[in-house]
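Got a minute to go through some labels with me? I'd like to see how each one follows from its cut-off.

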Amino acid sequence: MINSSLREGRLPPSQKHAVITPLLKKSGADADELKNYRPVSNLTFMSKLVERVVAKWLVSYLDEPGLMPQLKSAYRRHHITETALLKVVSDVYASIDQRQVTLLALLDLSTAFDCVDQDVLLCQLFTHFDIKDTALCWILSFLLGRTQHVYYSLCHMAYHRGPC
């Protein structure tokens, strides 16, 4: 299925449907308060598998010719948050040692991917990273046409408060 999907340049619609299950953030939290829930999105096993295959291929492709910025840490082997933090701290200390004015602005990008303009992303992949034809069509197919439904069961929710 994975090879067929990649060859055809499309992800089947059946692999783009998520089941959202609201789960309590903390055990013992008030189950009647909606703010105490977090949505957990579940996709099919095959969907997650093909996503991993494509992600591995894409990162490998971007690493080979040095297309990824040297200091980019996300989704790279041996690049972790602590490494990025150490680089920032080291740069600040070096600036202080050289008696330079140092300004540090922090921005939380933990949900940045949710805000990415898909047209801009596809344009960047095509123009800057030379991803085109079937590969670009597959990525477009991966991004578009997603569906979801919420699984809500009174019995499931009551589990946190006691037996059904």
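Q: Before anything else, what counts as a contact here?
A: Contact means heavy atoms within 4.5 Å. By that rule Ile139 touches Leu122, Leu125 and Ile131, leaving out residues up to four places away in sequence. Keep in mind that this is a predicted model.

Q: What makes the set around Ile139 a nonpolar core?
A: A core needs buried nonpolar residues joined through side-chain atoms within 4.5 Å. Ile139 belongs to the largest such set, 12 residues in all, with Ile2, Leu11, Val50, Val54 and Trp138 among the other members. Helices H2, H4 (118–127) and H5 (133–143) each supply at least two residues, and H5 gives the most, with 5.

Q: Why is Val53 called partly exposed?
A: Buried means under 20% relative accessible area and exposed means over 50%, with partly exposed in between. Val53 has 34%, so partly exposed it is.

Q: What lets Val53 join a surface patch?
A: Patch residues need over 30% relative accessible area and no salt bridge, and nonpolar side chains are joined within 5 Å. Val53, at 34%, clears the area cut-off. Its patch also holds Leu6, Phe45 and Leu49, and together the four have about 340 Å² of accessible area. Helix H2 (residues 45–63) provides the largest share, 3 residues, and Val53 lies in that helix.

Q: How do you know that Arg10 and Glu8 form a salt bridge?
A: The rule asks for a side-chain nitrogen of Lys or Arg within 4 Å of a carboxyl oxygen of Asp or Glu. For Arg10 and Glu8 the closest N and O atoms are 3.5 Å apart, so the pair qualifies. Arg10 is partly exposed at 40%, and Glu8 is partly exposed at 48%. In general, side chains of opposite charge can pair when their charged atoms come close.

Q: Why do Glu51 and Lys48 count as a salt bridge?
A: Their closest N and O atoms are 3.6 Å apart, which is within 4 Å, so the label holds. Both residues lie in helix H2, 3 residues apart, about one turn of the helix. Glu51 has a relative accessible area of 28% and Lys48 has 40%; each value sits between 20% and 50%, so both are partly exposed.

Q: What makes Asp130 and Lys132 a salt bridge?
A: An N to O distance of 3.2 Å, which is within the 4 Å cut-off. Asp130 is partly exposed at 47%, and so is Lys132 at 37%. The structure holds 4 salt bridges.

Q: Is Gln148 buried or exposed?
A: Exposed: its relative accessible area is 57%, and the cut-off is over 50%. Gln148 lies in strand E3 (residues 147–150). Leaving aside neighbours within four places in sequence, Gln148 is in contact with His17, Ala18 and Ile20.

Q: How far apart are Gln148 and Ile20 in sequence and in space?
A: They are 128 residues apart in sequence and 6.8 Å apart in space, C-alpha to C-alpha. The contact label rests on heavy atoms within 4.5 Å rather than on the C-alpha distance.

Q: How many disulfides are there, and what would one need?
A: The structure holds 0 disulfides. One would need a pair of cysteine sulfur atoms within 2.5 Å. As for cysteines, Cys123 is partly exposed at 42% and Cys137 is partly exposed at 43%.

Key. Residues numbered from 1 in each chain as written. Predicted model: local features only at pLDDT ≥ 70, side-chain atom pairs only at ≥ 80, totals over all residues. Heavy atoms only, no water. Patch = residues over 30% accessible without salt bridge, like charges linked within 9 Å, V, L, I, M, F, W, Y side chains within 5 Å. Areas by Shrake-Rupley, 256 points an atom, 1.4 Å probe, with all protein chains shown as cover. Helix = DSSP H or I, 4+ residues; strand = E, 2+ residues; numbered from the N terminus. Buried < 20%, exposed > 50% of the residue type's maximum accessible area, 1.4 Å probe, protein only.
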